[in-house]
Each structure stands twice: as C-alpha cells, then as structure tokens.
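Please look through the sequence and the model shown here before reading on. The paragraphs below are meant to be followed with the structure in view.

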Amino acid sequence: MECARLEEKMGIHANATWPAFKNASLGPWEAGGTLYVVTIGCPSSAATSNVTVWTSTDAGLTWAAQDDANRITTAAGLVTTAFDGTTIHVAYCTSAFVLAIRQFSTATNTWGTTTSGTGPTVEAGLASNPFFFVRRSDGTYFVFHQTVAESVMGTGYRRMGYSIYSGGLWSNNISIIVGGVQVHHDVRGIVLGASNRTHLLYTV
C-alpha cells in the first residue's frame, strides 16, 4: 500500500491510501464540500484498467469508491478528465482502443451511460503516451491523442491528432498541422481558453 498526498488549488490537503498501482493524478476537485479524485487501477499483469471515482467528506481523512459496480474498464493508461463544477467528464479508450466518453454526476455520485455513436480507433500500444481532452462551453468534446507512427531522418515519432464528439457523432482522427508541418510527440498539455479556443503546448 502507498499513501498519496493530494493538494487542491484552494489549499485543501488530503491523504488517501490505496493499492500502489493506482494513479490518483486525475483531480482532486471539490463539489458541495466533497473532494473527488479519479484513479486508474492497472496491475502490471493486466491489459486493461479500472477507472474509479473516490470521494472524501472529511477533508481527505477517509475515502470511499462511488458506484464502483458501473465503473469504466479501459485500455491501460488511456484516460483523461475534465470537471465543470458538477460533472466529471471522462474520455477513455475501450478495451478495443475505441474512443468513448462517460460522465460521473457529483450530485448523485453515479456513472452515466457511455456517449452514443462509435468513436474512432486509437492505435494500440500508446498507453504511456499523451492523451488529453477538453470540453467546450457548447458541450463539444475535443480528444487529443497520438496516431500513426513515422520515421523522420531515422528517428521514430508519433503524430499528434484529435477527434471531436458533438451532437452524438464522432469525427475521424484529425491531424494537427502547424505552419504546414505535422505536430509530432511530445505534447505536454492542453488548456481551453475563455473564448473556447484550445491551446496546445508541445515540444519539437
């Protein structure tokens, strides 16, 4: 077992204990005085991960898994989240490496259903690579992920692309082109601006 120290932006400090293979980097958030974190349980021998939402009502002294019977099972490591104050939005890859989105309600502490429509396929074997997503104010989701591999002057790279989910429909994988050049690994982060413009931080 390991103890993971969680620090929330408002200055809340909490401690949580769970198996060492769980990753508590998604969150924490606060809703109605309750702390929330999302963990990705991925034992080294498993090809898939269990995604669990945990809550604490005593400033992090104790934690409880919520609606665990309906938790997500996903391709190992490919999970990213966004929080809008009441709902935790989770983008992930299914065990078949197909993109999907589910919501977790902090009002009822329950999982919703998976988004309708069939998402595009992300290449298998990218579990340790960048995976980000943002949700715009109009409800449109942008999921950023790595796509096909290629070699440039003998060095291997992964192309960075994104897929859009809007109105019950998924787009195909879209390559990111900057100045006529395909963006490659390494993408470091995504942030959504006040005008719904997505800002992409990457290295070349």
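What follows is a walk through a predicted model, going from a sheet and its strands to a single threonine, then to aromatic rings and salt bridges.

A good place to begin is the open sheet formed by four strands, which stand in the order β8-β9-β10-β11 and pair in the antiparallel sense. Its edge strands are β8, covering residues 79-83, and β11, covering residues 110-111, and each of these pairs on one side only.

Between β8 and strand β9, which spans residues 87-93, the antiparallel pairing runs over five bridges. Two positions help to locate this pairing in the model: Val-79 has Tyr-92 of β9 as its bridge partner, while Thr-80 stands opposite Ala-91 in β9. The two strands form a hairpin with three residues between them, and in the turn Gly-85 has a positive phi of about 105°.

On the way to β10 the pattern continues, since β9 and β10 are also paired in the antiparallel sense, here over seven bridges. Ala-91, already met opposite Thr-80, has Ile-101 as its bridge partner in β10. This pair of strands, too, forms a hairpin, with five residues between β9 and β10, and the turn contains Phe-97, whose phi is positive at about 65°.

How many of the seven residues of β9 are buried? Seven of the seven are, so β9 is largely enclosed by the rest of the structure. To follow this along the strand, it helps to recall that in a regular strand the side chains alternate between the two faces of the sheet. In β9, Thr-87, His-89, Ala-91 and Cys-93 lie on one side, Ile-88, Val-90 and Tyr-92 lie on the other, and the residues of both groups are all buried, so that both faces of the strand are covered.

Cys-93, one of the residues just named on a covered face of β9, leads on to Thr-74, whose side chain reaches the backbone oxygen of Cys-93 at 2.4 Å. Thr-74 has its place in strand β7, which covers residues 72-75. Its relative accessibility is 0%, and because buried means under 20%, Thr-74 counts as buried. When neighbours within four places in sequence are left aside, the contacts of Thr-74 are with Thr-48, Ser-49, Val-51, Val-79, Tyr-92, Cys-93 and Thr-94. Two of these contacts, Val-79 and Tyr-92, were met above as bridge partners.

The aromatic residues offer another route through the model, with a count of eight aromatic pairs. In one of them, the rings of Tyr-36 and Phe-104 have centres 6.4 Å apart and planes at 65°; since planes over 60 degrees apart count as edge-to-face, the pair is edge-to-face. Because Tyr-36 lies in strand β4 (residues 34-41) and Phe-104 in strand β10 (residues 99-105), the pair ties together parts that are 68 residues apart in sequence. Both partners are shielded from the surface in the sense used here: Tyr-36 is buried with a relative accessible area of 2%, and Phe-104 counts as buried at 0%. A pair with another geometry is made by Phe-133 and Tyr-141, whose ring centres are 5.6 Å apart and whose planes meet at 5°, so this pair is stacked. Phe-133 and Tyr-141 are both buried, and together with Tyr-165 and Trp-170 they form one aromatic cluster.

Charged side chains complete the tour, for the structure holds three salt bridges. In that between Asp-68 and Arg-71, the closest N and O atoms are 3.2 Å apart; Asp-68 is partly exposed at 31% relative accessible area, and Arg-71 is likewise partly exposed at 31%. Another salt bridge joins the side chains of Arg-135 and Asp-84, at 3.9 Å from N to O. This pair links distant parts of the chain, as Arg-135 is in strand β12 (residues 131-135) and Asp-84 is in the loop between β8 and β9, 51 residues apart. Arg-135 counts as partly exposed at 31% relative accessibility, and Asp-84 is partly exposed with a relative accessible area of 40%. The side chains of Asp-138 and Arg-136 also meet in a salt bridge, at 2.8 Å from N to O, where Asp-138 is partly exposed at 48% and Arg-136 is partly exposed at 24%.

Methods. Residues numbered from 1 in each chain as written. Predicted model: local features only at pLDDT ≥ 70, side-chain atom pairs only at ≥ 80, totals over all residues. Heavy atoms only, no water. Buried < 20%, exposed > 50% of the residue type's maximum accessible area, 1.4 Å probe, protein only. Polar contact = N/O pair within 3.5 Å; in protein donor to acceptor, adjacent residues only side chain to side chain. Contact = heavy atoms within 4.5 Å. Pairing = 2+ DSSP bridges. Phe/Tyr/Trp six-rings, centres within 6.5 Å; stacked < 30°, edge-to-face > 60°. Salt bridge = Lys/Arg side-chain N within 4 Å of Asp/Glu carboxyl O.
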